[in-house]
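Hello,

Here is the structure I promised to send over. Have a look at it first, and then read on for what turned up in it.

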Amino acid sequence: MSLFCGRQLVLQAIISPLLRHRFNPITLCADHPSPRNYLQYFSRLILQRSCHSETQLEESKRKWTTEFVDSALEKIRSEDKTFYSVSLKEVMKKLQCLSSANISADQIANLMKESPHFLKGKNMEPILKVLQDQGFEGSGIYEILLSFGRITDEDPTELSALLMFLRSIYRTDRKFTRVVTTHPEVLSLIPAKINARVNTLQELFKSDDVLELTIMSPHIIFEDMETIQEKFDYVFHTMGISQRQMMYSNMFNYSLLHIQTRHVFLERAGFYKKTKKEKGEINTNPLLQDILGLSDKVFAKKFGKMTEQDYKTFAKYFAQEVETYME
């Protein structure tokens, strides 16, 4: 068989999903051409599938060459020698898998720069298939790999079961997709741990509210329960704020010290007073989402017409005050 025919078969094997899993190009040619020749095809295919116009294709040709990928891999190896276990051929195949999943050339380049661990995973192709079967494509898969590159080390069967479990909890595609793409570390957990945390949170919030909380603040699943309880107790008992306000404030995204600092600042400046509902008092306090979410500059100006530096000075001394009290 000629080298030319062998190359044609290689290209056909790359493109055809029916042949991709059982095709070995090296064994089809008696001449055993250099693997680098095949890498050229992977490189070209990445370009074609990642670009949506001739202009994009021409721009990317300067980047997605075998030499470019080899250079990028060497840079990664210089920072982490464990990547010497990954060959250039393996990398090119994995990049081709990503481009087949509609991840753009620029996104692939950013993954190699910011989250290269996915290149070491042994389960790239089956993991991508599991994600695609669950409705993730392109940017969604990119976001998952960017934040949780080690997903390519996960067991595909266990990952599929976990995704099905999460889908059953969140019920709608919107909620399910948002949780997985914004906090993909949840995919490193087992269903039993997630269930246990949800059940514990249901002691503080209504069942449906717990699901919304994990969407708005996914790390609530990971954070130490004692810390979560401390935040809840402070806002509920000390500040006198209901669970309903807590729901829309993203309060669990902030540290307890941040919550305390903002509250005490308002209290001492005369902008906050715990309402006694049993005495018929009307609540005129700012909303919790404004108390916690505004930038230091906007917060200081809105409550007391102070400067950002004024607030930062207060926060510094208040932190010392809290530290002294804790001692």
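Contact here means that heavy atoms lie within 4.5 Å. Please keep in mind that this is a predicted model.

Let's start with helix α11, which spans residues 191-201. Its buried residues are Ile 194, Arg 197, Val 198 and Leu 201. They cover an arc of only 100° around the axis, which puts them on the same side of α11. And what covers them? Among the elements that do so are α9 (156-170), α12 (207-216) and α13 (225-238).

Next, the aromatic rings. The structure holds eleven aromatic pairs. One of them joins Phe 265 and Phe 299, with 5.4 Å from centre to centre and 50° between the planes, so by the 30 and 60 degree limits the pair counts as tilted. This pair links distant parts of the chain: Phe 265 belongs to helix α15 (residues 256-269) and Phe 299 to helix α17 (residues 296-302), 34 residues apart. Both Phe 265 and Phe 299 are buried.

These two residues also belong to one aromatic cluster, together with Phe 271, Phe 303, Tyr 311, Phe 314 and Phe 318.

Finally, two charged side chains to look up in the viewer. The ring of Phe 299 has the charged end of Arg 262 sitting over it, 4.2 Å from the ring centre. Over the ring of Phe 83 sits the charged end of Lys 120, at 4.8 Å from the centre.

Happy browsing, and best wishes!

Methods: Residues are numbered from 1 along each chain as its sequence is written. This is a predicted model: local features need pLDDT of at least 70, side-chain atom pairs count only at pLDDT 80 or more; totals for chains, interfaces and linings use all residues. Side-chain values use heavy atoms; hydrogens and water are left out. Buried means under 20% relative accessible area, exposed over 50%, partly exposed in between (1.4 Å probe, protein chains only). Helices (H or I, at least four residues) and strands (E, at least two) are DSSP runs, numbered from the N terminus. The arc is that of the directions from the helix axis to the C-beta atoms. Rings of Phe, Tyr and Trp (its six-membered ring) pair if their centres lie within 6.5 Å; planes under 30 degrees apart count as stacked, over 60 as edge-to-face and the rest as tilted. A charge sits over a ring if NZ of Lys or CZ of Arg is within 6 Å of the ring centre and within 35 degrees of the ring normal.
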